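Here's a quick briefing to read with the model open beside you. Take a look at the structure first, then work through the points below.

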Amino acid sequence: MGRGATAFLLFALACSRSPEGPSPRTGTEDGRATPAPTEAADQPAPASPKVDPRLVQVPAELGKGIELAKVLEGLERPVGLERAPGDRDRMFVVEQVGRIRIARPSQNWALDSQPFYDIRGKVSRANEQGLLGLAFHPQFANNRKLYIDYTDRRGTTMVIEYRTDASGNKVDMSSARTVLRLGQPYSNHNGGDLEFGPDGKLYVGTGDGGAAGDPHGAGQNRKNLLGKMLRIDVDQPVAKPEVVAIGLRNPWRYTFDPK
């Protein structure tokens, strides 16, 4: 990791490998995304392993006092639930189809009638594409800035900075600033999570571009931003991504060790 890098935990991801095959290349920003073959078609389904049931039993004491309760319904492909710094009254529900809605836990989880953000006509919904990530600036209460990761109609990954309007209940679409534009050769392994680290910088996880087995060798190609963990100082006039980890297959969700 580079100077000043902060340790982070990556959940449910594996390393990409550089196969013997096509030379590494990056999907162009203006090129159309190529449909991705499913991994199930590339490889035979593994046989179900025999598992000793004693190894998967949950001790009774761990379940005491824990119950499941439905709090929201009527959502369309929800993939994220976020809270803005210092905001105790609202939860922001990210829907993969291209919409963010506000839920209010203190009001029996009522959903606002108007969406906080809606670009359903501008996102690609194929496979693992769509609206994938949301992060609020650490100083959101003062600057009203937030960051969104989505794939546009051509399959290109877009990371956009916005501000809310004066009410704080809707994104001001005219405030858009492009932080990152990254071409994708396939429609899966697009990453999509956004998180601010303790260093105040935005961390962007990019998948290796898709298909199966990283056919373009993006994960190990240091000149390619696919298959990487990027760190961006969004408070600078020009946002320049810094690579802090390579070889990531599809960092879908991650978080930081609070210590």
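What follows is a short tour of two sheets, some aromatic pairs and a cavity.

Keep in mind that this is a predicted model. Two open sheets of 4 strands get a look here: one runs β7-β8-β9-β10, and the other runs β11-β12-β13-β14. Beyond the sheets, there are 6 aromatic pairs in the whole structure, and a search for cavities of 30 Å³ or more turns up 1.

**The β7 to β10 sheet**

- The strand order is β7-β8-β9-β10, and the pairing is antiparallel. At the edges sit β7 and β10, each with pairing on one side only.
- On average, neighbouring strands in this sheet are turned by 25 degrees against each other, ignoring direction.
- Strands β9 (residues 157-164) and β10 (residues 171-182) run antiparallel to each other and share 7 bridges.
- Two places to click on along that pairing: Ile160 has Thr178 in β10 as its bridge partner, while Arg163 is matched with Asp172, also in β10.
- β9 and β10 make a hairpin with 6 residues between them. In the turn, have a look at Gly168, which has a positive phi of about 80 degrees.

**The β11 to β14 sheet**

- This one is also an open sheet with antiparallel pairing, in the order β11-β12-β13-β14. Its edge strands are β11 (194-196) and β14 (242-246), and each of them pairs on one side only.
- The twist from one strand to the next averages 25 degrees.
- β11 pairs with β12 (residues 202-205) in the antiparallel sense, over 3 bridges. Within this part of the sheet, Glu195 stands opposite Tyr203 in β12.

**Aromatic pairs**

- Out of the 6 aromatic pairs found in the whole structure, two are worth zooming in on.
- Start with Phe92 and Phe136: their ring centres are 4.8 Å apart and their planes sit at 55 degrees, so this pair counts as tilted. Phe92 is in strand β3 (residues 91-95) and Phe136 is in strand β7, so the contact ties together parts that are 44 residues apart in sequence.
- How buried are these two? Phe92 counts as buried, at 0% relative accessibility, and Phe136 is buried too, with a relative accessible area of 7%.
- Next come Tyr117 and Tyr162, with ring centres 5.2 Å apart and planes at 65 degrees, so that pair is edge-to-face. Tyr117 lies in strand β6 (residues 117-118) and Tyr162 in strand β9, so to speak of sequence, they are 45 residues apart and the pair links distant parts of the chain. Both Tyr117 and Tyr162 are buried.
- There's a cluster as well: ring pairs link Phe92, Phe116, Phe136 and Phe140.

**The cavity**

- The largest cavity has a volume of about 40 Å³.
- Which residues line the largest cavity? They are Gly80, Glu82, Val94, Leu132, Gly133, Leu134, Asp193 and Arg253.
- Two strands, β2 (78-82) and β7 (131-136), each supply at least two residues of that lining. The largest share comes from β7, with 3 residues.
- By residue type, the lining of the largest cavity splits into 3 nonpolar, 2 polar and 3 charged residues.

Key
Residues are numbered from 1 along each chain as its sequence is written. This is a predicted model: local features need pLDDT of at least 70, side-chain atom pairs count only at pLDDT 80 or more; totals for chains, interfaces and linings use all residues. Side-chain values use heavy atoms; hydrogens and water are left out. Two strands pair if DSSP finds at least two bridges between them. Axes are lines fitted to C-alpha atoms, for helices over the stretch in contact, and angles run from 0 to 180 degrees between N-to-C directions. On a 1 Å grid over the protein atoms alone, a cavity is a set of points where a 1.4 Å probe fits but cannot get out, and a pocket is an open set with protein on both sides within 12 Å along at least five of seven lines; lining residues have an atom within 4 Å of a point. Grid points are joined across faces, edges and corners, and a volume is the space filled by probe spheres set on the points. Ala, Val, Leu, Ile, Met, Phe, Trp, Tyr, Cys and Pro count as nonpolar, Asp, Glu, Lys and Arg as charged, and the others, Gly among them, as polar. Rings of Phe, Tyr and Trp (its six-membered ring) pair if their centres lie within 6.5 Å; planes under 30 degrees apart count as stacked, over 60 as edge-to-face and the rest as tilted. Buried means under 20% relative accessible area, exposed over 50%, partly exposed in between (1.4 Å probe, protein chains only).
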